[in-house]
Amino acid sequence: MNIVDIIRKKRNGMVLQEEEINYIINEYIQNNIADYQMSSLMMAIYFKGMNDNEIVSLTNAMIESGEVIDLQNIQGFKIDKHSTGGVGDKISIPLAPLVASTGIAVPMISGRSLGHTGGTLDKLESIPGFNTSLTTDEFKYQISQIGVAIMGQTEVMTPADKKMYALRDVTATVESIPLITASIMCKKIAEGIDGLVLDVKYGNGAFMKTIGDARALANKMVKLGNLMNKKTTAFITNMNQPIGEKIGNTLEIEESIDILKGKGPEDTKNLILQLGAEMLVLGRITSTTDEAIRILKEKIKNGDALNKFRQMIEAQGGNSKVINNYSIMPHAQYIVQVAAEKEGYVKGIDAFGIGNMIANIGGGRIKITDRIDHSIGIELFKKIGNKVESGDLIANLHIRNIEDGSEIRELFGSFFEISETPVNQSPLIEEIIR
């Protein structure tokens with residue numbers, strides 16, 4: 001086989017065979033195919049697409065490029081949840097222990113922040129001592145003992161995806177639905193799960209800007225998951241404003257713990273309950289969403305969910321005192337208040353702008369090598385549809401340099417649009433694809 005012939009074939013819109021895709025991945029991870037050639041192929045895929053068989057072959061080849069975690073010796077159903085990324089999206093952190101408290105195993109491999117989106121691993125590392133760099137054996141042991149673990153991708157898991165993702169980021173091919181589908185699903189299937197619930201976001205704070213693009217991606221991932229014998233459901237959710245009331249690493253841990261205590265903002269709680277209920281239905285804990293939600297609410301009420309989170313923190317080396325003492329996490333030295341400049345109704349919030357602002361002032365990453373200040377973040381007091389009076393507090397900005405306070409306040413104010421007439425808020429969950 002010849003990589004140039006394969007690039008030409010895909011450029012001309014032809015279907016690649018399984019052996020051709022296996023050849024590409026195997027040769028690429030052995031550095032026998034150059035980055036510029038892989039970039040050319042990915043651009044051809046971006047424009048010409050892939051059919052379902054091609055995506056299955058690509059996903060399998062990427063899985064087989066590295067280690068696959070074997071969880072067969074752990075009894076029961078094993079399920080994960082994946083989000084395509086958003087602003088204020090701390091959902092995995094309370095969701096994983098909540099679902100695990102019902103008896104389902106939740107092995108979760110998560111990522112770090114980059115650009116406007118936050119990262120689950122960075123948020124968890126706001127907890128002193130919390131270790132997200134587990135070995136495969138540590139990961140498996142922890143799941144066998146307490147039913148839940150959240151860690152980063154190991155060096156030997158899906159190495160082809162790591163190399164290809166780095167190229168996609170710099171070649172404007174991130175939005176390719178076949179490449180996104182294979183990238184997400186190869187990592188999830190490699191962690192040894194039986195089922196997967198996907199949170200596919202659309203809107204100004206998401207990678208998919210339109211609901212049509214989100215629907216296309218969700219359908220592809222659900223179909224791929226089921227073709228690969230993994231029970232898969234996708235939720236399409238609205239990311240035209242941040243999720244919850246707290247954005248930023250430490251602040252999102254605080255909100256996650258609040259939720260496990262039965263408090264926290266309604267939009268976040270409802271999304272967690274809906275995603276968790278689907279995980280319980282797929283895992284056959286119950287057959288109905290209503291009963292699943294009742295079970296999850298009871299686990300929060302009786303403290304089982306919070307105790308499971310405590311167990312996870314301790315198992316991964318973290319200081320579980322954080323559950324009752326948020327002050328042991330990093331907090332910003334300065335808080336700048338932002339007030340509404342006129343009366344009206346919140347019509348729009350630029351989630352993308354807010355996420356980028358946090359990254360630019362040190363609370364996230366512009367480059368993968370950037371260091372994060374976990375203390376930086378935002379508390380939102382008004383969301384779309386809320387009425388505001390002139391002078392009402394709409395946000396607290398947690399920053400490290402008070403000299404930048406006025407500039408940051410002015411920038412943040414530009415992310416809010418106020419209308420004179422009442423505004424209806426769009427539903428958070430738009431569709432469910434099973």
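Okay, let's start with one residue, threonine 136. Leaving out residues up to four places away in sequence, threonine 136 touches Glu67, Ile69 and Thr154. Keep in mind that what you're looking at is a predicted model.

So where does this threonine sit? Find helix H7, which covers residues 136-146, and you'll find threonine 136 in it. Is threonine 136 buried or exposed? Its relative accessible area is 12%, and buried means under 20%, so threonine 136 counts as buried.

Now let's hop over to another residue, glutamine 337. This one belongs to a strand, E7, made of residues 334-339. Which residues does glutamine 337 contact, once we set aside its neighbours within four places in sequence? The list is Leu393, Ala395, Asn396 and Arg409. And here's a distance to try out on your screen: take the C-alpha atom of glutamine 337 and the C-alpha atom of isoleucine 3, and you get 57 Å between them. Along the chain, those two are 334 residues apart.

Next up, a pair of helices. Look for H2, residues 18-29, and H4, residues 52-63. Their axes come within 9 Å, and they cross at roughly 35°. The crossing of H2 past H4 is right-handed. Who makes the contact? On the H2 side we have Glu18, Ile21, Asn22 and Ile25. On the H4 side there are Glu54, Ser57, Leu58, Ala61 and Met62. If you sort the residues in this H2 and H4 contact by class, you get five nonpolar, two polar and two charged.

Alright, let's zoom out to the whole chain. How many helices and strands does the protein chain have? There are 16 helices and 13 strands. The radius of gyration is 22 Å, close to the 22 Å that the globule rule gives for 434 residues, so the chain is as compact as a globular protein of that length. If you'd rather think in box dimensions, the C-alpha trace spans about 70 × 45 × 40 Å along its principal axes.

What about the inside and the outside? Of the 434 residues, 57% are buried. The chain exposes about 18,000 Å², and 46% of that comes from carbon and sulfur atoms.

One last number, about who meets whom along the chain. Take the contacts with a separation of 6 or more: 77% of them are between residues 24 or more positions apart.

That's my tour, and I'm happy to take questions!

Notes
Residues numbered from 1 in each chain as written. Predicted model: local features only at pLDDT ≥ 70, side-chain atom pairs only at ≥ 80, totals over all residues. Heavy atoms only, no water. Axes fitted to C-alpha atoms, helices over the stretch in contact; angles between N-to-C directions. Helix = DSSP H or I, 4+ residues; strand = E, 2+ residues; numbered from the N terminus. Left-handed = near helix turned anticlockwise from the far one by under 90°. Contact = heavy atoms within 4.5 Å. Nonpolar A, V, L, I, M, F, W, Y, C, P; charged D, E, K, R; others polar. Rg over C-alpha atoms; globule rule 2.2 N^0.38 Å. Buried < 20%, exposed > 50% of the residue type's maximum accessible area, 1.4 Å probe, protein only. Areas by Shrake-Rupley, 256 points an atom, 1.4 Å probe, with all protein chains shown as cover.
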